[in-house]
Amino acid sequence: MAEVESFTLDHTKVKAPYVRFITVEEGKNGDKIANYDLRLVQPNENAIPSAGLHTIEHLLADLLRDRLDGVIDCSPFGCRTGFHLITWGEHTTTEVAKALKESLREIAENIEWDDVQGTDIKSCGNYRDHSLFSAKEWSKKILAEGISDEPFERHVI
């Protein structure tokens, strides 16, 4: 079996919320994609409920693209503690943390239901499972804790 990097991470050593650089992979034509761990809550101590996480996912898909060049995808972890962010090219963890912080602040303070894309039966595979209230409350909680650009020590940006 292939070794999956996230399963080799000692989840008891990290200190969420944080942004962690995982890897850069280079394609046959020299194109590079980078993978980041956007950990919003402490593993094995908390998990964002499905509806709130789903709404955060839909919002980050838009908000991170406004703040970072080359965003390919931002997908939630099955454990509901954060997201993988995939980009063309590399960014520093500080750049990603700042973009994440600004996006969560936007969710907490300004987003209204009409701003959330993909919430109807035609545009979402589970359109009934959304909660803007939960997304806002979790965003506030994460912002209050501060987002670190280091996974193993708190270096809040």
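The following exercises, with worked solutions, concern the packing of helices and the nonpolar core in a predicted model.

**Exercise 1. Determine which residues have the most contacts inside the largest nonpolar core, and which elements each supply at least two residues of this core.**

Solution. The largest nonpolar core comprises 31 residues, and Leu-38 and Leu-85 have the most contacts inside it. At least two residues of this core come from each of β2 (32-39), α2 (50-67), β3 (71-76), β4 (82-88), α3 (93-109) and α4 (132-145). Next, consider the surroundings of Leu-38. With neighbours within four places in sequence left aside, the contacts of Leu-38 include Leu-64, Cys-74, Phe-83, Leu-85, Val-96 and Leu-100. Tyr-18 and Val-19 are also among them.

**Exercise 2. Describe how α2 and α3 pack, and classify their mutual orientation.**

Solution. Two packed helices are described by the angle between their axes and the distance between the axes. For α2 and α3, the axes come within 9 Å and cross at roughly 130 degrees. Angles from 65 to 115 degrees count as roughly perpendicular and those over 145 as roughly antiparallel; α2 and α3 are therefore oblique to each other. Their crossing is right-handed. On the α2 side, the contact is made by Leu-59, Leu-60, Leu-63, Leu-64 and Arg-67. From α3, Ala-99, Leu-100, Glu-102, Ser-103, Glu-106 and Ile-107 take part. Sorted by class, this contact of α2 with α3 has seven nonpolar, one polar and three charged residues.

**Exercise 3. Carry out the analysis for α3 and α4, and state the hand of the crossing.**

Solution. The angle between α3 and α4 is about 135 degrees, and their axes are 8 Å apart. These two helices are therefore oblique to each other. The crossing in which α3 passes α4 is left-handed. In α3, the residues Lys-101, Leu-104, Arg-105, Ile-107, Ala-108 and Glu-109 meet Ala-135, Lys-136, Ser-139, Lys-140, Ile-142 and Leu-143 of α4. By class, the contact of α3 with α4 contains six nonpolar, one polar and five charged residues.

**Exercise 4. Locate Leu-68 and decide whether Leu-68 is buried or exposed.**

Solution. Leu-68 belongs to the loop between α2 and β3. The cut-off for a buried residue is a relative accessible area under 20%. Leu-68 has a value of 6% and is therefore buried. The contacts of Leu-68, apart from neighbours within four places in sequence, are Leu-85, His-91, Glu-95, Val-96 and Ala-99. Of these partners, Val-96 stands 28 residues from Leu-68 along the chain, yet their C-alpha atoms are separated by 7.4 Å.

How values were computed:
Residues numbered from 1 in each chain as written. Predicted model: local features only at pLDDT ≥ 70, side-chain atom pairs only at ≥ 80, totals over all residues. Heavy atoms only, no water. Core = buried A, V, L, I, M, F, W, Y, C linked by side-chain atoms within 4.5 Å. Buried < 20%, exposed > 50% of the residue type's maximum accessible area, 1.4 Å probe, protein only. Helix = DSSP H or I, 4+ residues; strand = E, 2+ residues; numbered from the N terminus. Contact = heavy atoms within 4.5 Å. Axes fitted to C-alpha atoms, helices over the stretch in contact; angles between N-to-C directions. Parallel < 35°, antiparallel > 145°, perpendicular 65-115°, else oblique. Left-handed = near helix turned anticlockwise from the far one by under 90°. Nonpolar A, V, L, I, M, F, W, Y, C, P; charged D, E, K, R; others polar.
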